[in-house]
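Here is a short tour for anyone meeting this protein for the first time. Take a look at the sequence and the model, then read on.

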Amino acid sequence: MSVRTPDPDWNPDDQPAVRPPTNPGWLTDLELAEIRGRLPLLYVEAVPVRVDGLGQVTEVGMLLRANAVGEMTRTLVSGRVMYGETIRDALFRHLEKDLGPMAFPLLPASPVPFTVAEYFPLPGLSPFTDERQHAVSLAYVVPVTGTCEPRQDALEVTWMTPDEAVTESIAAEMEGGRGVLLRQALASVGALH
């Protein structure tokens, strides 16, 4: 029995058939393009770091990629959260996808990010831009203890000291304002001098 209050011109034959999606976590390219034009999407981002015995950051890992026009850019581990996926699972999935299965990330005990970055398709609304969409990203600093072998579209993982990573030249190579995000990440763990 339906408890829906019908619209004045409602007809029971108007109800679409409800079918469970074959893979509810993934969207087709067409569905994704349509959704990106209508809704902000949730992402997770991770700043991979190496730490010493006292837990102090000694190195920061950045991914080197070629963009659509062939320019070399730097970025962080990043990706969408799928429907029904926990933040922790999404973070682990993207760390493994971008850094390889032997990276051995140490996920934070708390799912509270060091910041929330909001990406807009047009510059000027925030320091972060993504011409494809409006996205909200939960950002984490994640120590990794294993060997990082980039997968997917990353060419390499470059490890730098925190001081090297926050130089203007590196920030200029980072996509979508992620140089600001990297500086915030290192400040949040006391790694800036």
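Is Val-49 buried or exposed? Val-49 is buried, because its relative accessible area is just 1%, and anything under 20% counts as buried. Keep in mind as you read that this is a predicted model.

## The overall layout

Let's step back to the whole chain. The protein chain has 5 helices and 7 strands. Reading from the N terminus, the elements go α-β-β-β-β-α-β-β-β-α-α-α.

The chain has 193 residues, and 36% of them count as buried. Its accessible surface adds up to about 11600 Å², with 57% of that belonging to carbon and sulfur atoms. If you take the contacts between residues at least 6 apart in sequence, 66% of them join residues at least 24 apart.

## Around Val-49

Back to the opening residue. Val-49 sits in strand S1, which covers residues 41-51. What does Val-49 touch, leaving out residues up to four places away in sequence? The list is Val-57, Glu-59, Val-60, Val-141, Val-142, Pro-143, Val-144 and Trp-159.

There is a distance to go with this. Met-62 is 13 residues from Val-49 along the chain, and their C-alpha atoms are 9.2 Å apart.

## Ser-78 and its neighbours

Ser-78 belongs to strand S4. With 16% relative accessibility, Ser-78 counts as buried, since the cut-off is under 20%.

How far apart in space are Ser-78 and Val-44? From C-alpha to C-alpha it is 5.7 Å, although 34 residues separate the two in sequence. Val-44 is also one of the residues that Ser-78 touches, once residues up to four places away in sequence are set aside. The others on that list are Tyr-43, Glu-45, His-94, Lys-97, Asp-98 and Arg-178.

## Two loop residues

Pro-121 is found in the loop between S5 and S6. Pro-121 has 38% relative accessibility, so it counts as partly exposed. Beyond residues up to four places away in sequence, Pro-121 touches Asp-130, Glu-131, Gln-133 and His-134. For His-134, 13 residues away along the chain, the C-alpha separation from Pro-121 is 6.0 Å.

Phe-104 is in another stretch, the loop between helix H2 (87-99) and strand S5 (115-119). At 42% relative accessibility, Phe-104 is partly exposed. What is the sign of its phi? Phe-104 has a positive phi, about 50°, although it is not a glycine. As background, most residues other than glycine have a negative phi.

## An aromatic pair

How many aromatic pairs are there? The count is 1, and the partners are Tyr-119 and Phe-128. Their rings lie 5.2 Å apart, centre to centre, with 45° between the planes, and the pair is tilted. Tilted is the word here because planes under 30 degrees apart would count as stacked and those over 60 as edge-to-face. Tyr-119 and Phe-128 are both buried.

## The pocket

Now for the open space. The largest pocket holds about 1000 Å³. It is lined by 38 residues, and those closest to its centre are Arg-36, Tyr-43, Asp-130, Arg-132 and Gln-133. Several elements give two or more residues each to this lining: strands S1, S2 (57-66), S3 (72-75), S4 (77-80) and S6 (135-143), along with H2. S1 supplies the largest share, 4 residues.

What classes of residue line the largest pocket? There are 14 nonpolar, 11 polar and 13 charged ones. Two of the residues closest to the pocket centre, Asp-130 and Gln-133, also turn up among the contacts of Pro-121. Another of them, Tyr-43, is touched by Ser-78.

## The cavity

There is enclosed space too: 1 cavity of 30 Å³ or more is counted. The largest cavity has a volume of about 50 Å³. Which residues line it? They are Ile-87, Arg-88, Leu-91, Leu-107, Pro-108, Ser-110, Pro-111 and Tyr-140.

By class, this cavity lining splits into 6 nonpolar residues, 1 polar and 1 charged. H2 gives the largest share of the lining, 3 residues.

Conventions:
Residues are numbered from 1 along each chain as its sequence is written. This is a predicted model: local features need pLDDT of at least 70, side-chain atom pairs count only at pLDDT 80 or more; totals for chains, interfaces and linings use all residues. Side-chain values use heavy atoms; hydrogens and water are left out. Buried means under 20% relative accessible area, exposed over 50%, partly exposed in between (1.4 Å probe, protein chains only). Contact means heavy atoms within 4.5 Å. Accessible areas come from the Shrake-Rupley method with a 1.4 Å probe; for residues, only the protein chains shown count as cover. On a 1 Å grid over the protein atoms alone, a cavity is a set of points where a 1.4 Å probe fits but cannot get out, and a pocket is an open set with protein on both sides within 12 Å along at least five of seven lines; lining residues have an atom within 4 Å of a point. Grid points are joined across faces, edges and corners, and a volume is the space filled by probe spheres set on the points. Ala, Val, Leu, Ile, Met, Phe, Trp, Tyr, Cys and Pro count as nonpolar, Asp, Glu, Lys and Arg as charged, and the others, Gly among them, as polar. Rings of Phe, Tyr and Trp (its six-membered ring) pair if their centres lie within 6.5 Å; planes under 30 degrees apart count as stacked, over 60 as edge-to-face and the rest as tilted.
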